[in-house]
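Okay, thanks everyone for coming. I'd like to walk you through one fold today, piece by piece, so have a look at the screen.

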Amino acid sequence: MLCVIAKLSDTAARELDMVKEKVFNTIGLKPLYGHITIATYIGKDEPGFIRSCREMVEGISSFTVEYEKIEVLEETSIIVASPKKSGLLESIHQNIAETFNDALDKWTGIGVWYPHTTLFYGPGENLYEISRRMSDTFTPFSARVTAIEFSRVLESGYDVIDHIELLD
């Protein structure tokens with residue numbers, strides 16, 4: 001599995017981290033790797049996929065996304081911060097999905113992609129109560145996307161295999 005992600009600025013990732021820290025009342029939680037998954041490729045030609053995606057995003061400038069709310073995605077037992085599905089983020093996804101839709105996973109294809117940043121994974125937890133507490137500390141904000149990365153999902157986490165720094 002190979003993910004194309006929109007990497008958030010350190011400032012934006014820290015802002016989302018603070019939402020978690022206030023709810024769990026602790027400093028020192030594993031820092032958030034602030035990102036939004038744009039597409040997850042499950043096809044067989046990873047080098048060709050990366051090459052094509054690089055061509056799609058080459059030369060674009062960094063851009064902002066508007067985080068609007070905290071919510072539960074029950075099917076995957078996660079609490080997320082959700083940005084508006086609009087602008088350049090949506091355009092990048094649409095370009096990738098139109099070209100590779102048959103090789104994308106069930107979450108990132110045309111008509112099903114839902115941009116979000118995972119804040120908490122908690123099967124068996126009272127996700128709605130935790131989400132409510134996170135929402136109480138959350139204020140909608142603009143976050144800067146500074147890079148596009150390609151990462152391979154591993155059992156122990158992920159491995160960034162390519163990186164495109166967006167123009168200032």
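Let me start with a question: what covers the buried residues of helix 1? Before I get to that, keep in mind that this is a predicted model. The cover includes strand 1 (2-8), strand 3 (63-73), strand 4 (78-83), strand 5 (117-121), helix 4 (127-137) and strand 6 (141-154). And the residues being covered? In helix 1, the buried ones are Ala12, Ala13, Leu16, Asp17, Val19, Lys20, Glu21 and Val23. Yes, Asp17, Lys20 and Glu21 are on that list of buried residues too.

A quick check on the geometry of this helix. Helix 1 has 15 residues, 10-24, so at 1.5 Å a residue it should span 21 Å, and its end C-alpha atoms are indeed 21 Å apart. Right after helix 1 comes Asn25, with a positive phi near 55°.

While we're on positive phi, there's Ser77. Its phi is also positive, near 55°, and of course Ser77 isn't a glycine. You'll find Ser77 in the loop between strand 3 and strand 4. Buried or exposed, then, this Ser77? Ser77 counts as buried because its relative accessibility is 18%, and the cut-off for buried is under 20%.

Back to helix 1 for one more thing, a salt bridge. Arg14 pairs with Glu21, and the closest N and O atoms are 3.1 Å apart. The two partners sit differently in terms of cover: Arg14 is partly exposed at 37% relative accessible area, while Glu21 is buried at 13%.

Now the strands. Strand 1 is mostly covered, with 7 of its 7 residues buried. In a regular strand, side chains alternate between the two faces of the sheet. Here, Leu2, Val4, Ala6 and Leu8 point one way from strand 1, Cys3, Ile5 and Lys7 point the other way, and all of them are buried.

Which strands does strand 1 pair with? One is strand 2, running antiparallel to strand 1, with 6 bridges between them. In that pairing, Val4 has Ala39 of strand 2 as its bridge partner. Strand 2 is mostly covered as well, with 5 of its 7 residues buried. Another is strand 6, again antiparallel to strand 1, and there we have 7 bridges. If you want to trace the register by eye, Cys3 is bridged to Ser151 in strand 6, and Leu8 to Val145 in strand 6.

Strand 6 has further pairings. It is joined to strand 3 in the antiparallel sense over 5 bridges, and Glu66 stands opposite Ser142 of strand 6. Then there's strand 7, residues 157-165, which runs antiparallel to strand 6 with 8 bridges. Strand 6 and strand 7 are joined by a hairpin through 2 residues. Phe150 has Asp162 in strand 7 as its bridge partner.

Hold on to Asp162, since that residue comes back in a salt bridge. Its side chain meets that of Arg54, at 3.1 Å from N to O. This pair links distant parts of the chain, with Arg54 in helix 2 and Asp162 in strand 7, 108 residues apart. Arg54 is partly exposed at 27% relative accessible area, and Asp162 counts as partly exposed at 22%.

How many salt bridges does the structure hold? There are 6. One more I'd like to show you is in helix 4, where the side chains of Arg132 and Asp136 meet at 2.8 Å, N to O. These two are 4 residues apart in helix 4, about one turn of the helix. As a reminder, an α-helix has 3.6 residues a turn, so residues three or four places apart point the same way. Arg132 is partly exposed at 40% relative accessible area, and Asp136 is exposed at 56%. Glu129 joins in too: Glu129, Arg132 and Asp136 are linked in a network of salt bridges. And the C-alpha of Arg132 is separated by 8.1 Å from that of Ile70, a residue 62 positions away along the chain.

Last stop, the surface. Met1, Ile42 and Val153 form a nonpolar patch there, with about 270 Å² of accessible area together. Ile42 is in the loop between strand 2 (35-41) and helix 2 (46-57).

That's my tour. Thanks!

Notes: Residues are numbered from 1 along each chain as its sequence is written. This is a predicted model: local features need pLDDT of at least 70, side-chain atom pairs count only at pLDDT 80 or more; totals for chains, interfaces and linings use all residues. Side-chain values use heavy atoms; hydrogens and water are left out. The expected span of a helix is 1.5 Å times one less than its number of residues. Buried means under 20% relative accessible area, exposed over 50%, partly exposed in between (1.4 Å probe, protein chains only). Contact means heavy atoms within 4.5 Å. Patches are made of residues with over 30% relative accessible area and no salt bridge: like charges are joined within 9 Å, nonpolar side chains (Val, Leu, Ile, Met, Phe, Trp, Tyr) within 5 Å. Accessible areas come from the Shrake-Rupley method with a 1.4 Å probe; for residues, only the protein chains shown count as cover. A salt bridge is a side-chain nitrogen of Lys or Arg within 4 Å of a carboxyl oxygen of Asp or Glu. Two strands pair if DSSP finds at least two bridges between them.
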